[in-house]
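Colleague: Please take a close look at one part of this model, the salt bridges. Start from a single charged side chain, work outward through the pairs, and set them against charged or polar groups that are settled in some other way.

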Amino acid sequence: MAINKEIPSVPLISFIKHSLEILKNPLHFHHANFTSKGDTFKLKIDFSTEIIFSRDAAFAEYVLQKNQRNYTKSKIQTEDLVKYVGQGLLTSEGELWKKQRQLIQPAFHKKQLAKLLDKIREAILLEYKHIEIGKTLDVFPLFNDLAFQTVVKSLFSSAADAEDIRRLQFITEAAQKMLVRELRQPYLGWWFKASGTIEKHLELTREARQILKNIVKKRRESQEKYGDLLDMLLEAHYDDGSFMEETQLIDEILILFIAGHETTSNALTFIFQLLAKHPEWQEKIYQENKQITNESEDLMHLVTSSKVCQQVIEEGMRLYPPVYFIDRVNIVEDEFNNMIFKKGSNLLFSIYEIHRHPELWDRANEFLPERFEDGGRKFSSQYFPFGAGPRKCIGNNFAMFEMIIAVTELIENYNIVAEFDGIEITPLITLKPKNAFLRFESRTQ
């Protein structure tokens with residue numbers, strides 16, 4: 001009979017001692033603990049709460065896929081995030097999640113996404129007009145606007161007011177920053193409430209919901225069809241023939257705004273930084289794209305045939321996964337690798353650490369897109385840029401298509417030059433880039 005293993009523990013005093021460092025960037029603290037304690041350890045964050053951190057890929061696969069029925073999302077998403085974005089696909093659980101996933105899934109099938117590719121490309125090219133040749137700039141705002149406008153175009157076509165869209169972008173980003181403060185400074189929870197800081201952000205969220213309600217109302221009254229995601233959501237119906245209620249519809253749209261642009265803008269920024277440091281891969285993408293467009297100008301052909309570009313994107317998301325942690329709570333007591341996890345354990349999987357684990361990846365910290373030459377099938381049990389199992393990101397194909405178009409269009413016209421030393425990160429709800437300074441030179445020069 002196997003002996004139960006004790007899960008190594010990091011004491012509360014260590015968390016308090018490093019609290020300011022953790023607020024800025026918790027990854028260094030976690031890495032040090034993984035190095036000294038092993039692939040799974042528990043951390044006390046107050047006198048009654050502990051979190052189990054893991055970079056064990058097999059454990060992550062077990063929780064997210066093999067025994068996913070025993071695991072639910074944590075309070076972070078099912079309560080803390082809900083107050084800002086409602087109960088959409090990202091934050092709902094149980095029967096509501098199943099019902100919504102079944103309803104919305106068809107809108108993200110490749111056949112449906114093919115109808116959106118022209119809109120996606122149009123939004124991307126519009127943002128690329130802001131690029132100034134030879135000028136050094138922090139590219140994150142460029143790709144942040146690009147990803148946001150791509151979601152807007154895919155959701156609303158041209159039917160949304162520009163000022164409303166700017167306001168929505170401001171509110172969604174403000175809500176994320178507030179949530180990060182709540183999560184990393186739980187000891188200030190009383191102050192956030194007493195000072196009205198939380199209420200101020202909830203008021204912003206109510207404003208965002210009203211903007212979206214007005215957009216939906218105008219669409220319904222116009223009776224025009226745009227073939228966008230909003231049309232698909234309005235026309236989607238449950239098994240009994242009923243349609244989504246307005247509150248649920250607004251929740252889903254808010255989730256699409258946050259999940260649909262935040263992760264993509266981060267990923268694109270990191271990918272272009274990596275390409276700037278590895279110009280030989282720029283040339284490979286350029287030559288591949290040239291060959292593909294000579295064969296056909298069909299956008300679906302482009303996104304499905306750009307294998308080199310896809311390798312670069314996948315390697316970029318391995319090194320810098322936008323969703324750099326995934327949390328779960330077990331419904332009943334469970335056991336894995338002789339470790340016992342009591343009911344209600346808070347589990348946090350570091351995707352960042354799994355993707356760089358030296359025992360899982362050859363030359364783990366190096367940029368080697370060729371490792372994904374076969375489509376990455378051999379890495380399926382250790383590579384989770386979009387999660388895994390039934391709750392894998394519904395928009396993974398949308399995101400990949402968007403990133404392939406964004407990368408190929410930029411590489412077709414520009415050479416990218418690095419104006420930074422090392423890639424810097426800011427871990428918030430997602431893994432964000434910092435000081436991503438690049439220079440673009442025209443390929444026609």
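Modeller: I start with Lys225, which counts as exposed because its relative accessibility is 62%. Bear in mind that this is a predicted model. The partner of Lys225 is Glu235, which is partly exposed, with a relative accessible area of 41%. The two residues form a salt bridge in which the closest N and O atoms are 3.0 Å apart. Lys225 sits in the loop between helix H13 (197-222) and helix H14 (229-235), while Glu235 belongs to helix H14, so the pair ties together parts that are 10 residues apart in sequence.

This pair belongs to a total of 27 salt bridges. Another of them joins the side chains of Asp80 and Lys75, with an N to O distance of 2.9 Å. The two ends of that bridge fall into separate accessibility classes: Asp80 is buried, with a relative accessible area of 13%, whereas Lys75 is partly exposed, with a relative accessible area of 46%. Salt bridges also occur as a network, which links Asp39, Arg55 and Glu353.

A further pair is Glu441 with Arg439, where the closest N and O atoms are 2.7 Å apart. Arg439 counts as partly exposed because its relative accessibility is 21%, and the boundary for buried is under 20%. Arg439 leads on to strand E5 (residues 136-138), where Thr136 is found. Once residues up to four places away in sequence are set aside, Thr136 touches Glu419, Phe437, Leu438 and Arg439. Thr136 is itself partly exposed, with a relative accessible area of 38%. As a reference distance, the C-alpha atoms of Thr136 and Leu256 are separated by 31 Å, and these two residues are 120 residues apart along the chain.

The counterexample is Asp334, in strand E7 (residues 334-336). Asp334 is buried yet takes part in no salt bridge. Why is there no bridge to the nearest side chain of opposite charge? That side chain is Arg328, 12 Å away, and a salt bridge requires a side-chain nitrogen of Lys or Arg within 4 Å of a carboxyl oxygen, so the pair does not qualify. What Asp334 does have is a polar contact, side chain to side chain, with Tyr71 at 2.8 Å. With neighbours within four places in sequence left aside, the residues in contact with Asp334 are Tyr62, Asn67, Asn70, Tyr71, Met339, Ile340 and Phe341.

Ser154, an uncharged case for comparison, is found in helix H10 (residues 140-156). Ser154 is buried, with a relative accessible area of 0%. The side chain of Ser154 reaches the backbone oxygen of Thr150 at 2.8 Å. Beyond four places in sequence, Ser154 touches Leu116, Ile120, Asp228, Leu229 and Phe398. Asp228 also appears among the contacts of Phe156, along with Ile165, Leu212, Ile215, Arg219, Leu230, Ile253 and Phe257, again without neighbours within four places.

Phe156 brings in the nonpolar surroundings. The largest nonpolar core has 120 residues, and Phe156, Ile253, Phe257, Phe272 and Val407 are those with the most contacts inside it. Helix H15 (residues 246-277) gives the most to this core, with 15 residues. Apart from that core lies another, of 19 residues, among them Ala60, Tyr62, Ile326 and Ala388. Tyr62 is also one of the residues in contact with Asp334.

Disulfides add no covalent links to this picture, as their count comes to zero. Cys309 is in no disulfide, and the nearest cysteine sulfur to its own, that of Cys393, is 18 Å away. Seen from the other end, the closest cysteine sulfur to that of Cys393 is in Cys309, and 18 Å is too far for a bond, since a disulfide needs the two sulfur atoms within 2.5 Å. The settings of the two cysteines also fall into separate classes: Cys309 counts as buried at 0% relative accessibility, while Cys393, at 33%, counts as partly exposed.

Technical notes. Residues are numbered from 1 along each chain as its sequence is written. This is a predicted model: local features need pLDDT of at least 70, side-chain atom pairs count only at pLDDT 80 or more; totals for chains, interfaces and linings use all residues. Side-chain values use heavy atoms; hydrogens and water are left out. Buried means under 20% relative accessible area, exposed over 50%, partly exposed in between (1.4 Å probe, protein chains only). Helices (H or I, at least four residues) and strands (E, at least two) are DSSP runs, numbered from the N terminus. Lys and Arg count as positive and Asp and Glu as negative; His and the chain ends are not counted. A polar contact is a pair of N or O atoms within 3.5 Å; within protein, one must be able to donate a hydrogen and the other to accept it, and residues adjacent in sequence count only if both atoms are side-chain atoms. Contact means heavy atoms within 4.5 Å. A nonpolar core is a set of buried Ala, Val, Leu, Ile, Met, Phe, Trp, Tyr and Cys residues joined through side-chain atoms within 4.5 Å.
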